[in-house]
Amino acid sequence: MASTLQFVEYVCEQIGGAGEIAYKKMFGDYTIYCSGKPIGLVCDDRFFLKKTQAGQAFYPECAEDSPYTDAKPHFVPDRIDDRDFMTGFVRVIFDSLPEPKPKKKNGAKRKNFLQTERLILRPWKMSDAKDLFECASDEDVGPIAGWPSHKSIEESRSVIKNVFCGKECYAVCEKNSDSPIGCIELKLNGHTDMTSRNDECEMGFWIAKKYWGRGLIPEAAHELLRHAFKDLGMRTVWCGYYDGNEKSKRAQEKIGFVFHHTCDEVEVPLLGEMRIGHTNYMTGERWQDLQK
């Protein structure tokens, strides 16, 4: 069950005196911020506040629970209707949380090329537009993943410039050719609605129809997971698919992702529709176990 916007806005109203309160949707649930710091979550219409020693001292009898599988225990306050109390409680927690880590400067080093037995993963180039159009104009590729098929090379060029520009977005190429046959990306915090943590990210991928069934995306994903956990220091990598996309479901299972939750109403903005969305995840610990 996803959270309702009405409940989220009510929570934000009740704690509004603690600072500048904001919320961000993350695949059916919401992260709550106070003056820029993530202080808690709203999941299934329950308000979870980060647990701190100062918060424990302020409200020692507060109930605790985990918002999702493998998450640390959070406070679950039952006095949301008491605005003054909640404002004080949130402010104590806010003051006891560390400041967010500063974002790396644009000049920070990035690993530009990754490779596997059969593939090269490299940054996209504007000269890839023609090859991208040939792959992404197929009606069987984009719509099932939530984006419209490309209608022109110029549209593909725009996508490379404005969409495939993420720090960890890679063109998937066979080793014997520099022509892209697909795309794989780690969407970092600020570019995904699946997490609000700097040590978590979302993996997304697709590959041209003529290359389906060859195991190329799982091969690319295994290398990108290694990169995520070993090079980038990620804690968790999230991945999702829309109901009916059986190929993506099977690929994620083959990679080793495990089910986390389903949301019955997920907005697909590029297609102007709502779908059922399924969310999977991979922790660093699970990835390490799979390497044994």
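**Asp29**

I started with Asp29, which is buried yet has no salt bridge. I looked for a partner of opposite charge, and the nearest such side chain is Lys25, 9.1 Å away. The model is a predicted one, and I read the distances with that in mind. I placed Asp29 in strand β2, residues 29-34.

What does the side chain of Asp29 reach? I found the backbone nitrogen of Asp44 at 3.3 Å. I also noted a polar contact of 3.1 Å between the side chains of Asp29 and Ser3. Leaving out residues up to four places away in sequence, I listed what Asp29 touches: Ala2, Ser3, Lys24, Val42, Cys43 and Asp44. Ser3 thus appears in the contact list and in the polar contact.

**Salt bridges**

I turned to the salt bridges next. The count comes to 21.

I checked Lys51 and Glu64. Their closest N and O atoms are 3.0 Å apart. Lys51 sits in the loop between β4 (46-50) and α2 (53-58), and Glu64 in strand β5 (residues 63-65), so this pair ties together parts 13 residues apart in sequence. I looked up exposure for both. Lys51 is partly exposed, at 41% relative accessible area. Glu64 is partly exposed too, at 37%.

I then took Arg79 and Asp82, whose side chains meet in a salt bridge at 3.2 Å, N to O. Arg79 is partly exposed at 32%. Asp82 is partly exposed at 30%.

Glu273 and Arg275 came next, with 2.6 Å from N to O. Is each partner buried or partly exposed? Glu273 is partly exposed, with a relative accessible area of 33%. Arg275 is buried, at 17%. I set this beside Asp29, which is buried and has no salt bridge.

I also noted a network: Arg122, Lys125, Asp128 and Asp178 are linked by salt bridges.

**Helix α4**

Last, I went to helix α4, residues 129-136. Which of its residues are buried? I found Ala129, Leu132, Cys135 and Ala136. Seen down the axis of α4, these buried residues fall within an arc of 125°, so they line one face of the helix. The general rule helps here: an α-helix has 3.6 residues a turn, so residues three or four places apart point the same way.

What covers the buried residues of α4? I noted that the cover includes α5 (153-162), β10 (180-187) and β11 (200-207).

Terms used. Residues are numbered from 1 along each chain as its sequence is written. This is a predicted model: local features need pLDDT of at least 70, side-chain atom pairs count only at pLDDT 80 or more; totals for chains, interfaces and linings use all residues. Side-chain values use heavy atoms; hydrogens and water are left out. Buried means under 20% relative accessible area, exposed over 50%, partly exposed in between (1.4 Å probe, protein chains only). Helices (H or I, at least four residues) and strands (E, at least two) are DSSP runs, numbered from the N terminus. The arc is that of the directions from the helix axis to the C-beta atoms. Contact means heavy atoms within 4.5 Å. A salt bridge is a side-chain nitrogen of Lys or Arg within 4 Å of a carboxyl oxygen of Asp or Glu. Lys and Arg count as positive and Asp and Glu as negative; His and the chain ends are not counted. A polar contact is a pair of N or O atoms within 3.5 Å; within protein, one must be able to donate a hydrogen and the other to accept it, and residues adjacent in sequence count only if both atoms are side-chain atoms.
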